Amino acid sequence: MLATLPLSPIERIAADHRRIPVELGPRSYPVDIGAGVRRTLPDVVAAIGARRAAIVSARPLDAVPDPGVPALRLAARDGEADKTLANVEALCSRFADFGLTRGDVVISCGGGTTTDVVGLAAALYHRGVAVVHLPTSLLAQVDASVGGKTAVNLPAGKNLVGAYWQPSAVLCDTDYLATLPRREWINGYGEIARAHFIGAPGLLGRPVAEQIAASVALKAGVVARDERDSHLRHILNYGHTLGHALERTTDYALRHGEAVAVGTVFAGRLAGALGRIGPERIREHLDVVQGYGLPAALPAGVEPAELVAVMRLDKKSTSTGLTFVLDGAHGPELVPDVDEDVVLAALAAMPREDPA
C-alpha cells in the first residue's frame, strides 16, 4: 500500500552530503550522495580489504580517483549495444589476466548500462567479487546503481540474463552530473517521475541532490523488505512493462527513462480503464510526466499488437496473461492477467508522436 511504503533514513554525513543505508543484514551498504563523494573511494576500498582493483569506466579514466591499491583501468561505453554477455565475458577475462582474486574489488564508473554490465561481471567472476559503483548519470544515481539487480540483454528482450549482486558501496557524486547533456537529464527524470506514484511524490522543482536522495531512500526501503522481487519490489517497475517494450521495439532509439515516462502515462490510463483510479488521478500521471519535460506519447510507427507481443516476454508476466504494476485505491500493486483486449484498447487511445 502506498501509505505504508518503507523509506530508508537519510543521514547527514557532512553539510552537503547525504547517506542512505540499504539494510540487508550482512549485505548492507551505504549510498553516499553529494559533490565530491567519489574522493572517499580509497577509504571504501580499504574498508573492503582489497589488495587490487579493476576499474571499468565509461568516463575518462581520470574520473575515478586512485583507489589506493594497484589498479587495472579498463575503458567502457555506456549504451544498450554493449549490454551483452560477450562484454561480460571480455571483462572477466581481463580480470583474470590481471590476477584479480575473490578478495579484491571491481569499481564501475558510468551510466546505468555500465553499472549493469560491470555488476554482472563482478557477480560472476569467482562466483562473486566486491563491487563499488560510481554512477555518473542521473538515471544511474537515482535508480540503476542501487538495489543489486544486474543484467544484460538478449535479442528477445531487455535484462533477460542477470543476477542479484549487492554492491559494497555506491558513491553518487553530483559533480559528475555537471556535464550531462539535456537528454541525459531527461533520461533520469523518467525514473524520478515514476517515483511520484510509488511513494516519493512532490520532487518536481526540488534540488537535484534532494531528488536523488528521496528516490534512493524509497528504493532502499523497498529493497530492504524484498531483495529478490518476490512481492513489494515489483512496484519499482511502475511504467516499466510498456517502457521496456518501447525500448525494444524502437531498437533503443527511445532511452530508458523516456520509455518509462511513456509507460507511466500508460499505466495511469490502463488503471483508469480497469476502474482502479478516477479521471483526476489519470490526469495526474500526464501532468507529472510533462512537468519534467518528458515524452508522453507513443512513438510514431510502433503498433499496439507489436508492443503486446514484446510485453508478453516481461519477467512479471504469467503464462495466462499480461502483468502490470498499477495504481489503485490502496496504492501501487502488481495486477496479473490483465485482459489483452483492454491493454490493446488503452494503447490505441494513447497520444501519438507526429510522424513528421
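This passage describes strands β3 and β10, the residue Asp-32 and helix α8 in a predicted model.

Local features require a pLDDT of at least 70 and side-chain atom pairs a pLDDT of 80 or more, whereas totals for chains, interfaces and linings use all residues. Residues are numbered from 1 along each chain as its sequence is written, and side-chain values use heavy atoms, with hydrogens and water left out.

Strand β10 (residues 169–173; strands are DSSP runs of E, at least two residues, and helices runs of H or I, at least four, numbered from the N terminus) is largely enclosed by the rest of the structure, because five of its five residues are buried (under 20% relative accessible area with a 1.4 Å probe, protein chains only). Ala-169, Leu-171 and Asp-173 point one way from β10, while Val-170 and Cys-172 point the other way. In a regular strand the side chains alternate between the two faces of the sheet.

Pairing requires at least two DSSP bridges between two strands. β10 pairs with β3 in the parallel sense over four bridges, with Val-31 opposite Val-170. Strand β7 (residues 130–135) also pairs with β10 in the parallel sense, over two bridges, and Val-132 stands opposite Ala-169.

Asp-32 lies in β3 (residues 29–34) and is buried, with a relative accessible area of 6%. Its side chain forms a polar contact of 2.7 Å with that of Arg-19 (a pair of N or O atoms within 3.5 Å; within protein, one must be able to donate a hydrogen and the other to accept it, and residues adjacent in sequence count only if both atoms are side-chain atoms).

Helix α8 (residues 256–273) has 18 residues, 15 of which are buried, so α8 is largely enclosed by the rest of the structure.

Definitions and conventions: Buried < 20%, exposed > 50% of the residue type's maximum accessible area, 1.4 Å probe, protein only.
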